[in-house]
Amino acid sequence: MKSASNPPLKRATLLISLCLSGLLFTLGWFALHSQQQVWQEQLQQQQQLIQAQLPALKDSPSNMLKSDFSVLLAQHQQESRTFYLQWTLAWLLATATLLALLLKHLRRTQQLSQQQQQLRQQHALRALNEIAALANISRTEQIRQALVLGVNFFSMPIAIVSHVSGQDFRILVQVSTNDGLADGQHFDLRDTYCQLVIEQQQVVAIEHMAKSTYADLSCYQQHQLESYIGCPLWVNGQLFGVLNFAAAEPRTRPFDDTERDFVRLLARWIGAILERDEQEQAQQALLTRLQHITSQVPGAIFEFQINP
């Protein structure tokens, strides 16, 4: 299942907004340049007119000519400042309008993305409840079907539920397209990404391993998995192992809060399955032991009941 978020659409929207702003600025610059040429032509015409009138104004005081030039120059400067101010205000208003529309669109897109993510999460949780209600499959197959849900939710092809004891990493259940993985396999914890989850005891999400602070880890050099999300598994209050999803390709966007919440809920669900399985195994072991004891002394209980 593809992510609801659409980064290419957001980038296209931003690009269109910038292009429109650039177009407005370019049009304004051409308009300003044209007006500047008009002013220059007007000044040249005034200068030519004054030069043509110079022979007739030889007897006129020189300060009169200077005054005419000063008035004309002041008028030109005032018109230039007014035009610059009007154009700047118009451009700022247009840019602010475009940015407001862009922000509104981005907020709307984000709201739709969050709603779609929540719907996906609700659908996945309903499916988990349906899996838990199936009485004709084993605990292992229940967990495997839950991993398939997670694979579809994250669009990441590798999913593993592991048990960690010291530096021993054992795959309990896995779903992957990698033929090299199988249930029951053992690895050194230091050769897995899950060492980060065990160390931090919280959700670890990596969108692009090569660009992360973990790029120097030996596990990355060995497995070359670019994206990863893992969550600790707790059973009977003890750190049991790790639930994780991984892919060879980097993600196009960061893991969001909905995805982090989903992996926590899924880890809690799997932890409850494992805890219930351990309790049933303990009860079965106790029952077997009691049956063994009573079979060894068949008359002891009867004698105790007769002569308390």
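Two strands count as paired if DSSP finds at least two bridges between them; the model to which this is applied here is a predicted one.

**Exercise 1.** Determine which residue of strand 5 is the bridge partner of isoleucine 206, and how many bridges join strand 4 and strand 5.

*Solution.* Begin with the strands themselves: strand 4 covers 204-206, while strand 5 comprises residues 227-235. The bridge partner of isoleucine 206 in strand 5 is tyrosine 228. Strands 4 and 5 are joined by three bridges in the antiparallel sense, and the cut-off for pairing is at least two. Turning to the whole sheet, six strands lie in the order 3-2-1-6-5-4, forming an open sheet with antiparallel pairing. Its edges are strand 3 (186-188) and strand 4, each of which pairs on one side only.

**Exercise 2.** Describe where helix 3 lies and which of its residues are buried.

*Solution.* Helix 3, residues 139-154, lies across strands 1, 2, 5 and 6, and runs at about 75 degrees to strand 2. From first to last C-alpha its 16 residues reach 23 Å, close to the expected 22 Å. Its buried residues include Ile143, Leu147, Val151 and Phe154. Just after the helix, serine 155 takes a positive phi of about 55 degrees.

**Exercise 3.** Decide whether threonine 192 is buried or exposed, and find what surrounds this residue.

*Solution.* Threonine 192 sits in the loop between strand 3 and helix 4. Because its relative accessibility is 7% and buried means under 20%, threonine 192 counts as buried. Its side chain reaches the backbone oxygen of leucine 189 at 2.8 Å. Leaving aside residues up to four places away in sequence, threonine 192 touches Phe169, Phe187 and Cys219.

Note on methods
Residues numbered from 1 in each chain as written. Predicted model: local features only at pLDDT ≥ 70, side-chain atom pairs only at ≥ 80, totals over all residues. Heavy atoms only, no water. Helix = DSSP H or I, 4+ residues; strand = E, 2+ residues; numbered from the N terminus. Contact = heavy atoms within 4.5 Å. Axes fitted to C-alpha atoms, helices over the stretch in contact; angles between N-to-C directions. Expected span 1.5 Å × (residues − 1). Buried < 20%, exposed > 50% of the residue type's maximum accessible area, 1.4 Å probe, protein only. Polar contact = N/O pair within 3.5 Å; in protein donor to acceptor, adjacent residues only side chain to side chain.
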